[in-house]
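Q: Could you take me slowly through one helix in this model and show me what lies around it? I am new to reading structures, so please go one step at a time.

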Amino acid sequence: RDSWASRGLGDVYKRQQYVDKYFPNATPVVDSFHVVQWIIHLIDQFIRKQIKQFKERDKIAFLQKHPEINYTLERPRIPLSDEVYILQKYRWLILSNQSNITYHVDLRRDTHFGRMMNTYSYEDYLFRYVPRLRTLRDLKEMYISFNTRNAGDPLNAAKELDELILHYRSCGDSIFYAVSYTHLTLPTTSR
């Protein structure tokens, strides 16, 4: 199945060479909206997988602590762990563009944690519980910065995209490694 969700950045230059050779008056266009949407989707899938793993860990710990409960029949309410709470309620701090986040310094009482917290506190907890989230957020932001910097400048975008792809390939993160090797459609428009 060949859809935008199964494609990424990596083959852009092979297609660019083809376009340059056979369509010298065409302007290559990379649909950055869908690339960002795809990256966010992959990060959200990772977060959802983490939530599922933490919930399973919590369920096992709860049942070990309460062997008298028959989970299949009773379906008890398992207390929400700190990890599940922070990932469910504040994953938007990872998925949103950083430039769109208002970081509040004023403290507000968080009833789950029972302490005063602000946006920085929640972000710190996210990174503490799942350190890989910092890397994923930073790599996502790298693409968003690239996109912002090169809006309306396809020649510079072509130069910088190669560097970005190489960075993603060497960053050591499997999600962005995959992003760098999968294919994007490269529609063309007349100049």
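**Helix H4 and its surroundings**

A: Helix H2 passes helix H4 in a left-handed crossing. Before we go on, keep in mind that this is a predicted model. To find the two helices on your screen, look for H2 at residues 32-65 and for H4 at residues 82-90.

What do we need in order to describe such a pair? Two packed helices are described by the angle between their axes and the distance between the axes. For H2 and H4, the axes come within 9 Å and cross at roughly 155°. Angles over 145 degrees count as roughly antiparallel, so H2 is roughly antiparallel to H4.

Now let's look at the side chains and backbones that touch. H2 contributes Ile47, Gln50, Ile51, Phe54, Lys55, Arg57 and Asp58 to the contact. From H4 come Glu83, Val84, Leu87 and Gln88. Sorted by class, this contact has 5 nonpolar, 2 polar and 4 charged residues.

H4 has another helix to meet, namely H6, which covers residues 119-129. Here the axes come within 10 Å, and they cross at roughly 125°. An angle between 115 and 145 degrees falls outside the parallel, perpendicular and antiparallel ranges, which means that H4 is oblique to H6. The crossing of H4 with H6 is left-handed.

Which residues make this second contact? On the H4 side they are Asp82, Glu83, Ile86, Leu87 and Tyr90. On the H6 side you will find Tyr122, Tyr125, Leu126 and Tyr129. By class, the contact of H4 with H6 has 7 nonpolar and 2 charged residues, with no polar ones. Try selecting Glu83 and Leu87 of H4, since both are listed for the contact with H2 and for the contact with H6.

The next stop is a pocket. Rolling a probe the size of a water molecule over the atoms shows where empty space is left. The second largest pocket holds about 260 Å³ of space. It is lined by 18 residues, and those closest to its centre are Tyr90, Arg108, Asn118, Thr119 and Tyr122. Two of these names may sound familiar: Tyr90 belongs to H4 and Tyr122 to H6, and both take part in the contact between those helices.

Which elements each supply at least two residues of the pocket lining? They are H4, helix H5 (92-95), strand S2 (108-110) and H6. The lining residues divide into 7 nonpolar, 6 polar and 5 charged.

To put the picture together, H4 touches H2 through residues that include Val84 and Gln88. H4 also touches H6 through residues that include Ile86 and Tyr90. Finally, H4 supplies at least two residues to the lining of the second largest pocket.

Conventions: Residues are numbered from 1 along each chain as its sequence is written. This is a predicted model: local features need pLDDT of at least 70, side-chain atom pairs count only at pLDDT 80 or more; totals for chains, interfaces and linings use all residues. Side-chain values use heavy atoms; hydrogens and water are left out. Axes are lines fitted to C-alpha atoms, for helices over the stretch in contact, and angles run from 0 to 180 degrees between N-to-C directions. Helices (H or I, at least four residues) and strands (E, at least two) are DSSP runs, numbered from the N terminus. Angles under 35 degrees count as roughly parallel, over 145 as roughly antiparallel, 65 to 115 as roughly perpendicular and the rest as oblique. A crossing is left-handed if the near helix is turned anticlockwise from the far one by less than a right angle, and right-handed if clockwise. Contact means heavy atoms within 4.5 Å. Ala, Val, Leu, Ile, Met, Phe, Trp, Tyr, Cys and Pro count as nonpolar, Asp, Glu, Lys and Arg as charged, and the others, Gly among them, as polar. On a 1 Å grid over the protein atoms alone, a cavity is a set of points where a 1.4 Å probe fits but cannot get out, and a pocket is an open set with protein on both sides within 12 Å along at least five of seven lines; lining residues have an atom within 4 Å of a point. Grid points are joined across faces, edges and corners, and a volume is the space filled by probe spheres set on the points.
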